[in-house]
Amino acid sequence: MAGGNDTLSTRLSPFQKIYLLLVAGFIVGPFLPVIIQSLAFRWAWPELLPGTWWLEQRERSMLPLAWDYVLSPYSRVWEATVNTVFIGLVVTAICLAICLPVARLLARESFAGKSAFEFFLSLPLIVPEAAIGIALLMIFIRLGLAGSYAGIIIAHLIPTIPYMVRMLTAVYQGLGRDFEEQAMILGARPLQILWRVTLPMLLPGVVAGALFTFLVSTNIFLLTFFLGQGQVITLPTLLFSKISGGNLDTTAAGITLIVTLPGIILLIISERFIKEEAFGKGFGS
């Protein structure tokens, strides 16, 4: 395996290597100042590195600084993290329950108004999020859902359902009906077909859709900001409150890194489980 990698590296020209390094630097580069800022106490222009580091000032300060403050109850990071994960998990579960039957119908059935339904299903991806948030806020205030977890969960379903439906529809279209029809010929009941044939074959696509839906939900800011009414905080709303003045201080930099953790964790999970071989063979292989 190592020899194959060496052979591959020798095939790259100097220009290709420089190009790959530039692309990697373009992607990773913006995170480096944030990481440095999260460890700094004083970093003023035009210094390339902080003049005073957090660890140097830590023993002299009577108040928690930098990561000490971020990880303390005063920053509310733990509360925001729990809220973000809880809302994301509930939204993902509800989204799956709603979208699985819809995706099956769209992939395998032809009916009047199908094109119009698919168009209207895409509207939440076209209409500005601010317009959706204002409209929902007017309705939720009258229903008493503003400032509640239920209101935020319902609001998060609006932009996540179109993504989930599109992903699951594509998986259903690639699945075909042959295995289900063979199971039916062999005498399997509908629930047995669903549990033992359809779901195992759909599982890689379902996991991919669930991971993507969870990631979208954990990064929704505007709808959460409008409908949370300051009573339900998540990591995006907490971060906005820290950088609303336009200053990225040490605390805001630390929270920024924490906000990126769900995406990094999901990327690692997807690299481990969601591969081309998994879609072709399923998890059981």
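pLDDT is the predictor's confidence in each residue, on a scale from 0 to 100. The structure described here is a predicted model, and its average pLDDT is 81, with 91% of the residues scoring at least 70. Residues 276-285 have a pLDDT below 50, although this stretch still makes 14 contacts in the model beyond near neighbours in sequence. Where pLDDT is low, the predicted coordinates should not be read in detail.

Aromatic side chains were examined next. Rings were taken as paired if their centres lie within 6.5 Å, and by this rule there are eight aromatic pairs. One of them joins F15 and Y19: the ring centres are 6.4 Å apart and the planes meet at 20 degrees, so the pair counts as stacked, the cut-off for stacking being under 30 degrees. Both residues belong to helix α2, which covers residues 14-28. F15 and Y19 are separated by four residues, about one turn of the helix. F15 has a relative accessible area of 63% and is therefore exposed, the limit for that class being over 50%. Y19, at 49% relative accessibility, is classed as partly exposed.

A second aromatic pair, formed by F221 and F240, is tilted, with 4.7 Å between the ring centres and 40 degrees between the planes. This pair links distant parts of the chain, as F221 and F240 are 19 residues apart. F221 sits in the loop between α12 (190-218) and α13 (222-228), whereas F240 is in helix α14 (residues 235-243). The relative accessible area of F240 is 37%, so this residue is partly exposed. F221 and F240 also belong to one aromatic cluster, together with F225 and F226.

F15 and Y19 appear again on the surface of the model. They contribute to a nonpolar patch of about 1100 Å², whose other members are L20, V23, F26, I27, V28, F31, L32, I35 and L39. Helices α2 and α3 (31-38) are the elements that each supply two or more residues to this patch. The largest contribution is that of α2, which provides seven residues. The stacked pair in α2 is thus part of the patch as well.

Backbone geometry was considered at two positions. Most residues other than glycine have a negative phi. R76 has a positive phi, near 65 degrees, without being a glycine. This residue is in the loop between α5 (66-70) and α6 (77-108), and its relative accessibility of 37% makes it partly exposed. Q229 likewise has a positive phi, near 55 degrees, and is a residue other than glycine. Q229 is placed in the loop between α13 and α14. At 42% relative accessibility, Q229 is counted as partly exposed.

The last position described is T260, which lies in helix α15 (residues 250-273). T260 has a relative accessible area of 23% and is therefore partly exposed, since only residues under 20% are classed as buried. T260 is 204 residues away from E56 in sequence, and the C-alpha atoms of the two residues are 26 Å apart in space.

Technical notes. Residues are numbered from 1 along each chain as its sequence is written. This is a predicted model: local features need pLDDT of at least 70, side-chain atom pairs count only at pLDDT 80 or more; totals for chains, interfaces and linings use all residues. Side-chain values use heavy atoms; hydrogens and water are left out. Rings of Phe, Tyr and Trp (its six-membered ring) pair if their centres lie within 6.5 Å; planes under 30 degrees apart count as stacked, over 60 as edge-to-face and the rest as tilted. Buried means under 20% relative accessible area, exposed over 50%, partly exposed in between (1.4 Å probe, protein chains only). Patches are made of residues with over 30% relative accessible area and no salt bridge: like charges are joined within 9 Å, nonpolar side chains (Val, Leu, Ile, Met, Phe, Trp, Tyr) within 5 Å. Accessible areas come from the Shrake-Rupley method with a 1.4 Å probe; for residues, only the protein chains shown count as cover. A salt bridge is a side-chain nitrogen of Lys or Arg within 4 Å of a carboxyl oxygen of Asp or Glu. Contact means heavy atoms within 4.5 Å.
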